[in-house]
Amino acid sequence: MTYDKWKNPAIVAVSLAVVMYVLGMQLSSLNPFVSSWDQVDFSLAVERYDLRSMRPHFPGYPYFILGGLLTKFIVAEPNQALVLFNILIYASSIIPVYFIGSRLISRQSAFTAAAAIYTASYPLIIVNQPMSEGAALAVFWWYFWSIVTAWERKSGKWMLLPLFLFSLLLGVRLSYIPMGAGLIYLFYKKWMDDQIGFAGLIKYTLAACVFQLIWVGGLIVTEGGIGNFLELAFGFTGGHFQEWGGTTASNDLSIFARIKVFLFTNIFWWGIFSRTHVLMVLYIVIGLFIFLPGTQSKLFKNMPFTLGVLMMSAYGIWALFAQNIDKPRHILPVALILIFLVLSAFFKRYQSIYSSLMILVLLMAQAIVSTNLVKIQANEKPAVYQLARFLEETNDEFVLYTWEETRVLEYMEMPYSHKRINTYKVFLHDQRLYKEKTVYLTDKVVDGFRAQGIEIDKRVEKIKVFDSEKIFDPVYNEIILYKWTP
């Protein structure tokens, strides 16, 4: 038997085995921790849905919470139910990625590329958290595929599929709204091909609105009317863009510094390289091969490739200016689309067994990194949990001042006094109420006071440092506990 007769199934078999190994590790290592404000919001929403009580925060993510309610029949803990839902739906995204890729490259290469995208390490870490990003990434790939499918078919009923999936996508995570550029591009292509006219555009636009109203209308009903809903919406979006959201309007970084962090730190180092030097080297080598002199492919003239570039660019601009630059998870759609485009270009240009083996090396390297991180994430306590247990064992009477950590402490039902504080003036007044107690502060509070121009170093004493893996939470991976000296 010659090699040519069995190389395709062998490559696919290895890719499938790696995917199943990673999936099995995810299912056997469900993350049991709820370690951030947003994670608490989502977990509480599975038990009782109430936007005004931040269960979860606006815009409610109703389809994501519904997924958690369904998987709660399998696992009892609400946070693990959300993680399980993420894992299962994210695993399904291999199918649309394969179908999209098969329009650009061979079916074997498309499956290998889909496996490589699925095992990308940082996205898997986020999938294994009780957050809506994992489910949103999966729905996005199905939405991407539906646009390509609707473009290929003349039947009008296929146009309804991407409209529905776009509604599903926004009901899972509203921040994916720039992906609507894909629908605009679909309408444009259909218009140019004389497959729809002005009346058709109006009809499908109305259909898209109806699909969105399914979940938006549900939220309006739960909030007691459109007035209450709009009040909640404006209150949340105002805070996101002007105060605490980490957008260009609420962040002190210059535009050039922001672009540098966005591109090199968030997209490449976190999103694609997963803070791992081995993966960085592998991706750089693959990228260099694409730009070597030789025959140029015609991928840029291929509709799925162009569509990917368009949606990546649209979301990228949104993420740069309107998302929290301190949280790299917001760039995951950009990172994954970029990996898809790079692997498609690589396989389009190099179709030998050596090119497949190179991607298999990447695939297995990602699998090793990903499964190791998944196990650590499921077994090592986050910094905020370490802080909580340390203080629980403290014999002194005390009060703890924090920023977002207090939300997690509430969820853990810690038996001691803790509260969120933002301004030094309010803190000075409040701490006088606890003259007989020891006053503790976390480093976020101390740093916040410093940012307000307060000389506080002589009035605080460092007690203990709690740390965990930075890739799990770049903001609260390290917590420093301070003692206040009146």
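## A guided tour, starting at Ser 274

Select Ser 274: this residue is buried, with a relative accessible area of 1%. The model you are looking at is a predicted one, so keep that in mind as you click along.

**Stop 1: the loop after α13**

Ser 274 sits in the loop between α13 and α14. Its backbone is worth a look, since phi of Ser 274 is positive, near 55 degrees, in a residue other than glycine. Now select Arg 275, which has its place in the loop between α13 and α14 too. Arg 275 also has a positive phi, about 55 degrees, although it is not a glycine. Is Arg 275 buried or partly exposed? At 30% relative accessibility, Arg 275 counts as partly exposed, whereas Ser 274, at 1%, is buried.

**Stop 2: helix α13 and its kink**

Step back along the chain and select residues 255–272, which make up helix α13. Where is the kink in α13 centred? Look at Asn 266: the helix bends there by about 35 degrees. Next, colour the buried residues of α13, which are Arg 258, Phe 262, Asn 266, Ile 267, Trp 270, Gly 271 and Ile 272. A general rule helps when you view a helix: an α-helix has 3.6 residues a turn, so residues three or four places apart point the same way. What do the buried residues of α13 pack against? Show α7 (121–127), α14 (277–290), α15 (303–322) and α16, and you have their packing partners on screen.

**Stop 3: where α13 crosses α16**

Keep α13 visible and add helix α16, residues 332–349. The two axes come within 9 Å and cross at roughly 70 degrees. The helices α13 and α16 are therefore roughly perpendicular to each other. To see the contact itself, show the side chains of Ile 267, Phe 268, Gly 271 and Ile 272 in α13, which meet Val 334, Ala 335, Leu 338 and Ile 339 in α16. By class, this contact has seven nonpolar residues, one polar and no charged ones.

**Stop 4: strand β1**

Now move to residues 398–402, strand β1. Five of the five residues of β1 are buried, so the strand is largely enclosed by the rest of the structure. Turn on the side chains and follow them along the strand. Phe 398, Leu 400 and Thr 402 point one way, while Val 399 and Tyr 401 point the other way. This fits a general pattern: in a regular strand the side chains alternate between the two faces of the sheet.

Which strands pair with β1? One is β3 (residues 438–442), joined to β1 in the parallel sense over four bridges. Another is β2 (residues 417–420), which also pairs with β1 in the parallel sense over four bridges. Click on Tyr 401 to see both pairings: its bridge partner in β3 is Leu 441, and its bridge partner in β2 is Lys 419.

**Stop 5: the whole sheet**

Zoom out until you can follow five strands in the order β2-β1-β3-β5-β4, which form an open sheet with mixed pairing. Strands β2 and β4 (460–467) stand at the edges, each with a single partner strand, so one side of each is left without a neighbour in the sheet. Look along the sheet to see the turn: neighbouring strands are turned by 25 degrees against each other on average, direction ignored.

For an antiparallel pair, select β4 together with β5 (residues 478–484), which pair over seven bridges. Here Glu 461 has Lys 483 in β5 as its bridge partner.

Two helices lie across strands of this sheet. Helix α18 (residues 383–392) lies across β1, β3, β4 and β5, running at about 125 degrees to β4. Helix α20 (residues 424–431) lies across β1, β2, β3 and β5, running at about 50 degrees to β5.

**Stop 6: two cis bonds**

Jump to the loop between α2 (37–47) and α3 (62–71), where you will find Pro 56. The peptide bond from Arg 55 to Pro 56 is cis, with omega near 0 degrees. Pro 59 has its place in the loop between α2 and α3 as well. Another cis peptide bond joins Phe 58 and Pro 59, with omega about 10 degrees.

**Last stop: Ala 17**

Finish in helix α1 (residues 3–28), where Ala 17 has its place. Ala 17 is partly exposed, with a relative accessible area of 46%. Select Ala 115 as well: the two residues are 98 apart along the chain, and their C-alpha atoms are separated by 9.8 Å.

Methods
Residues are numbered from 1 along each chain as its sequence is written. This is a predicted model: local features need pLDDT of at least 70, side-chain atom pairs count only at pLDDT 80 or more; totals for chains, interfaces and linings use all residues. Side-chain values use heavy atoms; hydrogens and water are left out. Axes are lines fitted to C-alpha atoms, for helices over the stretch in contact, and angles run from 0 to 180 degrees between N-to-C directions. Angles under 35 degrees count as roughly parallel, over 145 as roughly antiparallel, 65 to 115 as roughly perpendicular and the rest as oblique. Contact means heavy atoms within 4.5 Å. Ala, Val, Leu, Ile, Met, Phe, Trp, Tyr, Cys and Pro count as nonpolar, Asp, Glu, Lys and Arg as charged, and the others, Gly among them, as polar. The bend at a residue is the angle between axes fitted to the seven residues ending there and the seven starting there. Buried means under 20% relative accessible area, exposed over 50%, partly exposed in between (1.4 Å probe, protein chains only). Two strands pair if DSSP finds at least two bridges between them.
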